[in-house]
Amino acid sequence: MSRRRRDLLELLDRLTPTIAQLTEAIEQEVEKCPAARRLRTHPGVGPLTALAFVLIIGKADRFQCGKQIASYLGLVPLEKSSGNQRRLGHITKQGSSLLRFLLVEAAQVTARSLPDWRSKYYHLSMRRGRKIAKVAMARKLAVRLYWMMRKEWDYGQLTKFGSYAGKPENRDGVK
């Protein structure tokens with residue numbers, strides 16, 4: 001056991017400089033990309049997630065709504081319907097598995113840092129389970145990042161002019 005531990009620590013020591021170089025390269029690429037810089041302003045979204053989202057999605061104008069972005073990333077339930085029966089299964093897993101993984105990780109960090117996301121996550125996890133709640137929060141994050149990218153807003157503007165749908169005190173939109 002001690003030899004194995006020593007070998008693994010040596011491997012970690014050799015990989016640490018390489019990881020630092022790659023992290024620095026990602027940071028430099030994010031600084032070159034204004035869309036990725038804007039996405040980084042959202043709590044929980046780091047440089048890797050922001051850059052991957054911008055590169056994989058491409059132009060935000062090619063999607064018309066948040067449902068299309070969720071479908072493109074494979075974060076929607078698989079539907080197996082016949083006749084009058086509608087069966088919704090697990091997610092479709094189409095699109096980039098790397099971006100899906102990054103969005104789930106970023107959504108977990110966001111749920112830990114924002115109180116309203118935390119309460120939504122806990123509510124979903126009690127109702128549907130932790131795995132489904134994580135994917136639901138990742139879908140919510142993907143849609144938010146899409147609108148930030150499409151409207152060219154940072155997180156401050158998103159919270160100021162965000163969605164007011166379904167809120168009774170403001171039925172006519174932003175005033």
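Is Glu79 buried, partly exposed or exposed? In this predicted model, Glu79 has a relative accessible area of 44% and is therefore partly exposed, because that class covers the values between under 20%, which is buried, and over 50%, which is exposed. The side chain of Glu79 meets that of Arg86 in a salt bridge, with 3.2 Å from N to O, and Arg86, with a relative accessible area of 60%, is itself exposed.

To place this pair, it helps to look at the whole chain. The protein has eight helices and two strands, and from the N terminus on these elements follow the order α-α-α-α-β-β-α-α-α-α. The C-alpha trace spans about 65 × 40 × 30 Å along its principal axes, and of the 175 residues in the protein, 30% are buried.

The structure holds three salt bridges, among them the pair of Arg86 and Glu79 already described. Another is formed by Arg40 with Glu27, whose closest N and O atoms are 3.2 Å apart. Arg40 lies in the loop between helix H2 (34-39) and helix H3 (47-57), while Glu27 belongs to helix H1 (residues 2-32), so this salt bridge ties together parts that are 13 residues apart in sequence. Arg40 is partly exposed, at a relative accessible area of 31%, and Glu27 is likewise partly exposed, at 26%.

Helix H1 also contains both Lys32 and Glu29, which are three residues apart, about one turn of the helix, and whose side chains meet in a salt bridge at 3.3 Å, N to O. Here Lys32 counts as exposed, with 60% relative accessibility, whereas Glu29 is partly exposed, with a relative accessible area of 38%.

Further along the chain, charge gathers on the surface in another way: Lys120, Arg127, Arg128 and Lys140 form a patch of positive charge. Helix H6 (residues 115-128) gives the most to this patch, with three residues, and Lys140 is found in helix H7 (residues 130-151). Lys140 has 31% relative accessibility and so counts as partly exposed; that value also satisfies the patch criterion, because a residue needs over 30% relative accessible area to be included.

Finally, the cysteines deserve a look. How many disulfides does a search of the whole structure find? The search finds zero. Cys33 is buried, with a relative accessible area of 17%, while Cys65, at 29% relative accessibility, counts as partly exposed.

Definitions and conventions: Residues are numbered from 1 along each chain as its sequence is written. This is a predicted model: local features need pLDDT of at least 70, side-chain atom pairs count only at pLDDT 80 or more; totals for chains, interfaces and linings use all residues. Side-chain values use heavy atoms; hydrogens and water are left out. Patches are made of residues with over 30% relative accessible area and no salt bridge: like charges are joined within 9 Å, nonpolar side chains (Val, Leu, Ile, Met, Phe, Trp, Tyr) within 5 Å. Accessible areas come from the Shrake-Rupley method with a 1.4 Å probe; for residues, only the protein chains shown count as cover. A salt bridge is a side-chain nitrogen of Lys or Arg within 4 Å of a carboxyl oxygen of Asp or Glu. Lys and Arg count as positive and Asp and Glu as negative; His and the chain ends are not counted. The place of a charge is taken as NZ of Lys, CZ of Arg, CG of Asp or CD of Glu. Helices (H or I, at least four residues) and strands (E, at least two) are DSSP runs, numbered from the N terminus. Buried means under 20% relative accessible area, exposed over 50%, partly exposed in between (1.4 Å probe, protein chains only). A disulfide is a pair of cysteine sulfur atoms within 2.5 Å.
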